[in-house]
Amino acid sequence: MAKQNKAYKFRLYPTEEQEIVIHKTFGCVRFIYNKMLSERKETYDRLKDDKETLKKVKHPTPAKYKKEYSWLKEVDSLALANAQLNLDKAYKAFFKGNAKFPKFKSKRHKQSYTTNVVNGNIELLDRHIKLPKLKIVKMKQHRQIPVEHNMKSCTISMTASGKYYISILTEYEKEIKGKEIQSVVGLDFAMDGLFVDSETGKKANYPRFYRQMLDKLATEQRKLSRKKKGSSNWNKQRIRVAKIQEKVANQRKNFLHHTSKEFVVNYDAIIIEDLDMKGMSKALQFGKSVADNGWGMFTSFLLYKLHEQGKQLVKIDKWFPSTKTCSSCGSVKEVALSERIYHCACGLNLDRDYNAALNIKKEGIRLLAIA
Ligand SMILES: [Zn+2]
């Protein structure tokens, strides 16, 4: 039996009083995160040439700051402990070379805090949830959490337009039998759209209403930029933009959930290239459109949905020449970015992304066979 995780997100409707407590907690979490980070930064600047000593430095815990700033005691202490854990994680990722040095959190960051479930401090009630320091908060629970799921932690957040949400992380035991692989599909990441699959050669793209919403967002953002910052019209427009952004994010997420589910239902193994999106966006100067494309979110949905069913996601090396190889005869040649069709001396003439998807599939099957 393996432990599985699943998160459930619901809308919260705190009272004014509860809102004050939530905001105070956001503030304290940010404060302590930044405090701890500035100490680490100092230590790092002092010792960066002496990695061995740097590794041994004991970093302060929230307890130290609570003595100094007693108002920190007024909020959920687990939220503060989690701020430390988050910083630890960010710091470790930095040392492993996977991320930049952690940044200070500003009020403009997404406002959130995470608390843990211990000794019945959090309880699901009828249309409400009991939370530390907040007591009973109204919640719209649009779906049931199965009884065999144990709640582990809760993240309370507020969107830019002022809506509150809670994401409840649960853990449950489930026996997952590896599924025999009979159907395989290769997906080639597509810059303009999402991907091209090896079975149809068609490009998966976001629905039209989503792209229209993106245009609307751009229009409203332009309007915002023309208003006087801080004025009441600016503020109204800022909220309008935030609401559209939230809508766009939801539409994208829904589409990616839907699309990934469809592929997971139809295939036992899905092969993709292991793309480092950050590196890629830098290298190709595509910047924003790569980050917004949703490929990262899509592959994470694929991964957990496949895993739940004992199916596989195979990532092939990003240096694998998927674009340069002929999917028919296997010969390799240079292909310019502008060449939309792959022409080969063997007679193959195929859409470049379709050709790449076929190569990705083949390589995945090869890897699966030797695994
Ligand atoms: Zn060929």
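N119 sits out in the open in this predicted model: its relative accessible area is 82%, so it counts as exposed, the cut-off being over 50%. You'll find N119 in the loop between β2 (111–116) and β3 (123–125). Its backbone deserves a look too, since N119 has a positive phi of about 50° without being a glycine. As background, most residues other than glycine have a negative phi.

Follow the chain past β3 and there is another case. R127 lies in the loop between β3 and β4 (128–131), and its phi, near 55°, is again positive in a residue other than glycine. Is R127 buried or exposed? With a relative accessible area of 60%, R127 is exposed.

Now zoom out for a moment. The chain has 371 residues, and 40% of them are buried. Its secondary structure comes to ten helices and 14 strands, and the C-alpha trace spans about 75 × 50 × 50 Å along its principal axes. Take the contacts between residues at least 6 apart in sequence: 68% of these join residues at least 24 apart.

One helix pair is a good place to go next. Helix α1 (residues 16–47) and helix α4 (residues 77–95) have axes that come within 9 Å and cross at roughly 35°. The crossing of α1 past α4 is right-handed. On the α1 side, the contact is made by T25, C28, V29, I32, Y33, M36, L37, R40 and Y44. On the α4 side, the residues are A79, L80, A83, Q84, N86, L87, D88, A90, Y91, F94 and F95. What kinds of residues make up this contact? They divide into 15 nonpolar, three polar and two charged.

Pick out Q84 from that list, a residue of helix α4. Q84 counts as buried because its relative accessibility is 16%, below the 20% cut-off. Which residues does Q84 touch, leaving aside its neighbours within four places in sequence? Its partners are M36, P60, T61 and P62. M36 is one of the α1 residues in the helix contact, so you can start from Q84 and trace that link back to α1.

R40, also on the α1 side of the contact, gives you a route to K58. The two are 18 residues apart in sequence, and their C-alpha atoms are 9.9 Å apart in space. K58 belongs to the loop between α2 (51–56) and α3 (62–68). K58 counts as exposed, as its relative accessibility is 77%.

Finally, head along the chain to the metal site. The zinc ion is coordinated at 2.3 Å by the SG atoms of C326, C329, C344 and C346. In sequence, these donor residues follow the spacing C-x2-C-x14-C-x1-C. Why does the arrangement around the zinc ion count as tetrahedral? The four donor atoms subtend angles of 105 to 116°, and the criterion is that all angles lie between 85 and 135 degrees. For reference, the ideal angle for four tetrahedral donors is 109.5 degrees.

Two of the donors can be set side by side for accessibility. C344 is buried, with a relative accessible area of 15%, whereas C346 counts as partly exposed at 41% relative accessibility.

How values were computed: Residues numbered from 1 in each chain as written. Predicted model: local features only at pLDDT ≥ 70, side-chain atom pairs only at ≥ 80, totals over all residues. Heavy atoms only, no water. Donors = N, O, S within 2.8 Å, 3.2 Å for Na, K, Ca; no water. Tetrahedral: all angles 85-135°; square planar, octahedral: opposite > 155°, others 65-115°. Buried < 20%, exposed > 50% of the residue type's maximum accessible area, 1.4 Å probe, protein only. Axes fitted to C-alpha atoms, helices over the stretch in contact; angles between N-to-C directions. Helix = DSSP H or I, 4+ residues; strand = E, 2+ residues; numbered from the N terminus. Left-handed = near helix turned anticlockwise from the far one by under 90°. Contact = heavy atoms within 4.5 Å. Nonpolar A, V, L, I, M, F, W, Y, C, P; charged D, E, K, R; others polar.
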